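Reader: Please take a close look at one residue in the interior of this model and at the elements around it. I should then like the account extended, step by step, to the rest of the chain.

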Amino acid sequence: MKFKRINYYTLTISTLFIGLALSSCSKKNDPVPPPKNTDTTTVKPFVYNYASLADTLQTYTYGTFKSADGNYFIQNNTGNNTFNYWPQAHMLDVLTDGYLRTKSGVYTQRMKALLNGIKTANGGAYPNEFYDDMGWLANASLRDYIITNDADYLNVAQILYAEIKGGSNSIAGGGIAWQRSQLYYKNIPSTGNMTILAARFYELQNKAEDLALAKSLYTWMKTNLVNATSGVVLDGINRNQDGQVDNWIFTYNQGLFIGSAVELYNITKDPAYLQDAIRTANNTVADPNLTVNGILKSEGQGDGGLFKGVAVRYLTLLTELPDLDAADKTKYANFLKQNAQTLYVKGIGRPSFMISPDWSILPSGSTDLTIQLSGVMMIEAAAKLKADGAIK
């Protein structure tokens, strides 16, 4: 596997308790699992209050994982205060989800503090070794510019966009490399992120070269790493400089390809892009390599903990696409609803509000930030789908 090496440090228990105390919620507002009702004559259906649970998860995530210096979010809830770059981008996205749902200025303050803190924690600059890492942050930053019109976010997105272009070459037929020191290895995380980023820059600035880049990268992914029949998206190619494909099937690769197809469909209205997104989404909700009994599978802690969140984010984007037909919209909405309800009742520890890598069982032991973020993304997505009338 290609996961990044992680170092371990110690965070004092007192610091953890202080963070929780500063961010505590009143118990009366904390969502709880459906209670057991022994009176069969008065049983009422349980109402899933996703927005309330999202508020609680946002509060506990912020209080538990924020670093002592306030610049970033630490690796886990049991003493590892390592700065890992790519989860910070998803934390920024999660804070943005909270802002869009509540319109609270607390979220915009936290978003901006994190944007600045990432630079500090990363040695005074935004670029790093990994092109996929930079892609996550570039997309989160460009999203925030579009939402807030704050030029600082656009500046970060532009810096990283220029950097990621350095990962493009003709080796393995195209695509974006995974990292600077391995320019021959191309994969979906780097290329999918860049496809989405280029498409969104085109929508923002209407530069033909951005659309051309998005289309060429998309075609490369579809040709090299997507099964034309099933729609399953594989991970990468040429890792050992032998032209071979890594047949790894991860949830986040499905999400990135779906997101790339949706972005290009929105721009071009070419139905082929929408059909590609539907084909991969249909496989994602049914493939035993990706789901277990209708629930997105556990992909462990560490980097894998974030994979499901990416799949949820882009499947939600497809589900809310106005041009999606009713049958597909219902299928994907029900899938997301089942995942959200399962997590709501079974996968969240209370009163800690830590989240399990397996959404069908309670968490045990340490919880990584990556795991926590995927769960928050799921509940935020459910809150949005419910507010928009896609689920009840």
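**The surroundings of Leu318**

Author: Setting aside residues up to four places away in sequence, Leu318 touches Ile258, Val262, Leu274, Ala277, Ala281, Leu324 and Tyr332. The model is predicted, with a mean pLDDT of 92 over the chain and 89% of its residues at 70 or more. Leu318 and Tyr50 are the residues with the most contacts inside the largest nonpolar core, which has 119 residues. Helix H13, spanning residues 369–387, gives the most to this core, with 11 residues. In soluble globular proteins, nonpolar side chains tend to be buried together.

Among the residues touched by Leu318 are Leu274, Ala277 and Ala281, and these three are buried residues of helix H10. Tyr273, Asp276, Ile278, Thr280, Asn283 and Thr284 of H10 are buried too. H10 comprises 14 residues (271–284) and reaches 20 Å from its first C-alpha to its last, close to the 20 Å expected at 1.5 Å a residue. At the N-terminal end, H10 is capped by Asp270, which has a side-chain oxygen 2.9 Å from the backbone nitrogen of Ala272. The packing partners of the buried residues of H10 include four helices, namely H8 (208–225), H9 (251–268), H11 (307–319) and H12 (326–346). Strands E4 (291–292) and E5 (295–296) also pack against them.

A second view of the interior is offered by Ala54, in helix H2 (residues 50–65). Ala54 counts as buried because its relative accessibility is 1%. Beyond residues up to four places away in sequence, Ala54 touches Arg101, Ile379 and Glu380. Ala54 and Ala383 are 329 residues apart along the chain, yet their C-alpha atoms are separated by 7.5 Å. For the chain, 67% of the contacts with a separation of 6 or more are accounted for by residues 24 or more positions apart.

A polar example is Ser190, which lies in helix H7 (residues 188–205). Its relative accessibility is also 1%, so Ser190 counts as buried. The side chain of Ser190 reaches the backbone nitrogen of Asp132 at 3.3 Å. Apart from neighbours within four places in sequence, Ser190 is in contact with Tyr131, Asp132, Ile176, Ala177 and Trp178. Helix H5 covers residues 131–148 and reaches 25 Å from its first C-alpha to its last, close to the 26 Å expected at 1.5 Å a residue. Because 15 of the 18 residues of H5 are buried, this helix is largely enclosed by the rest of the structure. Just after H5, Asn149 takes a positive phi of about 60°.

The chain as a whole has 13 helices and five strands. An open sheet of three strands has the order E1-E2-E3 with antiparallel pairing. Its edge strands, each pairing on one side only, are E1 (186–187) and E3 (245–246). E1 is joined to the antiparallel strand E2 (residues 236–237) by two bridges, and Asn187 stands opposite Gly236 in E2.

Of the 392 residues of the chain, 55% count as buried. One segment calls for caution: pLDDT stays under 50 over residues 1–29, for which the model has 49 contacts beyond four places in sequence. Where pLDDT is low, the predicted coordinates should not be read in detail.

Definitions and conventions
Residues are numbered from 1 along each chain as its sequence is written. This is a predicted model: local features need pLDDT of at least 70, side-chain atom pairs count only at pLDDT 80 or more; totals for chains, interfaces and linings use all residues. Side-chain values use heavy atoms; hydrogens and water are left out. pLDDT is the predictor's confidence in each residue, from 0 to 100. Contact means heavy atoms within 4.5 Å. A nonpolar core is a set of buried Ala, Val, Leu, Ile, Met, Phe, Trp, Tyr and Cys residues joined through side-chain atoms within 4.5 Å. Buried means under 20% relative accessible area, exposed over 50%, partly exposed in between (1.4 Å probe, protein chains only). Two strands pair if DSSP finds at least two bridges between them. The expected span of a helix is 1.5 Å times one less than its number of residues. A polar contact is a pair of N or O atoms within 3.5 Å; within protein, one must be able to donate a hydrogen and the other to accept it, and residues adjacent in sequence count only if both atoms are side-chain atoms.
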